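Me: Got a model open here and I'd like to talk through how its helices pack. Can you take me through it?

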Amino acid sequence: MWSYSEFLKKARLYFSRASEHDEMDDEFTLWLLLGLEFLLRAPLARVHPSLLASPEGESVLHAVGIVRSDARPKSITTKTVLDRLKYVVPDFGQDRVSDALYLANLRNEELHTANAALKEVSEEHWMPRLISVVEVLCQFLELQAEDVLNSDIVAQARALRIEVDRALERDVQQAISRSRYFFGNLTAEERQKRRASAIFAVQHGYRQKAVECPACGSIADLDMTPGRTTKSKFVPEENSFVHVVVYVAKSLECQVCGLQLTDTAQVTAAGLPKLYQEARSEDRYAGWQEYVDEGEINEAGFYASADE
């Protein structure tokens, strides 16, 4: 039911049905969106089928091979699939989650409402998102996008993505120019007040991360969302275990010049890094004295309690 090879086979089947269409009509789009659902589940199935089993009932038992003839195992929702992919697929960050959610909602609106959802959206809105999600999933599965999608569809989607990226860069640069112009028309006193307010916010912890504004060079607020966390490693110099939390840039706001970047794509288009790392230490042995009797280390190097 949750076989990795079967998910991959079914994704290829649905994708191939899309490539059989001469025109990029609604049915072409729908087959691609349906095929993506199976490809999204393939990485979880590859790690272990139980990752796809609903926690209710006997689904998990079914996933680990304990099968009853009268059992009706259930799968997790697409939203849960995306939440788990963030931890399983290293490059499946919040931007890819957002892309996949957009595509899933588009498919659901077409299938479950009276709206002609697929007629109302153009290819440049969904194809770049599709290829970006497919590429990340295929990289984890040690495949090329062309191994699951028709090469012509891959080429067209990538070409559309380039055009969308260029348009995004133009929009971001225009926003930066407008904010820079606004900053340039501020008086020296106004600049000083605004910058003092921004510094105050940083010093008092009102901001998640302070970065240099790409428009005016002042301190700007970068909002981040946590991504993956590395395994803890013991660092002798610090006598503690250290792990790294990788954050993804989510948005930026500068209260000095008014620049606002509303998503990860805009932040990176402005020239700021997409990923940020924060090392965190944990003393796993803190407070150990509370759990042992008072005493001293004896000559043999063992702890001797006060009663000895």
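Me: Which residues of α2 meet α4?
Reply: From α2 (helices are DSSP runs of H or I, at least four residues, numbered from the N terminus), Glu-37, Leu-40, Arg-41, Pro-43, Leu-44 and Val-47 do. In α4 they meet Thr-78, Val-81, Leu-82, Arg-84, Leu-85 and Val-88, with contact meaning heavy atoms within 4.5 Å.

Me: Before I go on, what kind of model is this?
Reply: A predicted one: local features need pLDDT of at least 70, side-chain atom pairs count only at pLDDT 80 or more, and totals for chains, interfaces and linings use all residues. Residues are numbered from 1 along each chain as its sequence is written, and side-chain values use heavy atoms, with hydrogens and water left out.

Me: OK, back to the helices. At what angle do α2 and α4 pack?
Reply: About 50°, with the axes 10 Å apart. Axes are lines fitted to C-alpha atoms, for helices over the stretch in contact, and angles run from 0 to 180 degrees between N-to-C directions.

Me: New topic: which residues touch the most other members of the largest nonpolar core?
Reply: Leu-40 and Phe-92, out of 54 residues. Such a core is a set of buried Ala, Val, Leu, Ile, Met, Phe, Trp, Tyr and Cys residues joined through side-chain atoms within 4.5 Å, where buried is under 20% relative accessible area (1.4 Å probe, protein chains only).

Me: And which element gives the largest share?
Reply: α2, with 12 residues.

Me: What does Phe-92 contact beyond four places in sequence?
Reply: Its partners include Leu-40, Leu-82, Leu-85 and Val-133.

Me: How many residues are in the second core?
Reply: That separate core has 27, among them Ile-176 and Phe-183.

Definitions and conventions
Buried means under 20% relative accessible area, exposed over 50%, partly exposed in between (1.4 Å probe, protein chains only). Helices (H or I, at least four residues) and strands (E, at least two) are DSSP runs, numbered from the N terminus.
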